[in-house]
Amino acid sequence: VARTRFALTAFTHLLGRGVKVPRDMAVLCRDDDGFLDHVTPRMARYTFSPEVFAKHLGRLVLRLVSEGAFKGTNVKVMPEFLKRESA
């Protein structure tokens with residue numbers, strides 16, 4: 001599920017309908033928010049490291065300063081899967 005608020009809505013809706021998470025269905029959130037560790041069962045989700053993102057951004061800034069304008073650079077920061085009880 002995209003967006004934490006929608007994930008929480010889907011999660012509580014399923015629980016309210018008697019769906020056992022994760023026995024009957026797994027629920028994973030594409031985004032991260034600390035409150036997801038306060039739902040029971042805790043929701044599995046993806047997260048990324050701000051430190052890794054800052055490192056990539058810093059490299060791009062240094063490259064821009066040293067080389068001037070550059071084109072066509074994509075930076076992909078791969079998220080980490082946080083396995084929790086909902087998956």
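**View 1. Secondary structure and overall dimensions of the predicted chain.** The protein chain holds 2 helices and 3 strands, where helices (H or I, at least four residues) and strands (E, at least two) are DSSP runs numbered from the N terminus, and from that end its elements follow the order α-β-β-α-β. The radius of gyration, taken over C-alpha atoms, is 18 Å, well over the 12 Å expected for 87 residues from the globule rule (2.2 Å times the number of residues to the power 0.38), so the chain is more spread out than a compact globule. Along the principal axes, the C-alpha atoms fill a box of roughly 60 × 20 × 20 Å. This is a predicted model, in which local features need pLDDT of at least 70 and side-chain atom pairs count only at pLDDT 80 or more, while totals for chains, interfaces and linings use all residues. Residues are numbered from 1 along each chain as its sequence is written, and side-chain values use heavy atoms, with hydrogens and water left out.

**View 2. Helix 1 and its buried face.** Helix 1 covers residues 4-16, and its 13 residues, at 1.5 Å a residue, should span 18 Å (the expected span being 1.5 Å times one less than the number of residues), which agrees with the 18 Å between its end C-alpha atoms. Thr-4, Ala-7, Phe-11 and Leu-14 are the buried residues of this helix, buried meaning under 20% relative accessible area, exposed over 50% and partly exposed in between (1.4 Å probe, protein chains only). Seen down the helix axis, these buried residues fall within an arc of 90°, judged by the directions from the axis to the C-beta atoms, so they line one face of helix 1. Arg-5 and Gly-16, on the other side of helix 1, are exposed. Just after the helix, Gly-18 takes a positive phi of about 90°.

**View 3. Surroundings of Thr-4.** Thr-4 lies in helix 1 and is buried, with a relative accessible area of 15%. Leaving aside residues up to four places away in sequence, Thr-4 touches Cys-29, Asp-31, Asp-32, Asp-33, Phe-35 and Leu-36, contact meaning heavy atoms within 4.5 Å. The cover over the buried residues of helix 1 includes strand 1 (28-29).

**View 4. Pairing of the three strands.** Strand 1 and strand 2 (residues 44-47) pair in the parallel sense over 2 bridges, pairing being assigned if DSSP finds at least two bridges between two strands. Cys-29 has Arg-45 of strand 2 as its bridge partner. Strand 2 and strand 3 (residues 80-82) run antiparallel and are joined by 3 bridges, and Thr-47 has Glu-80 of strand 3 as its bridge partner.
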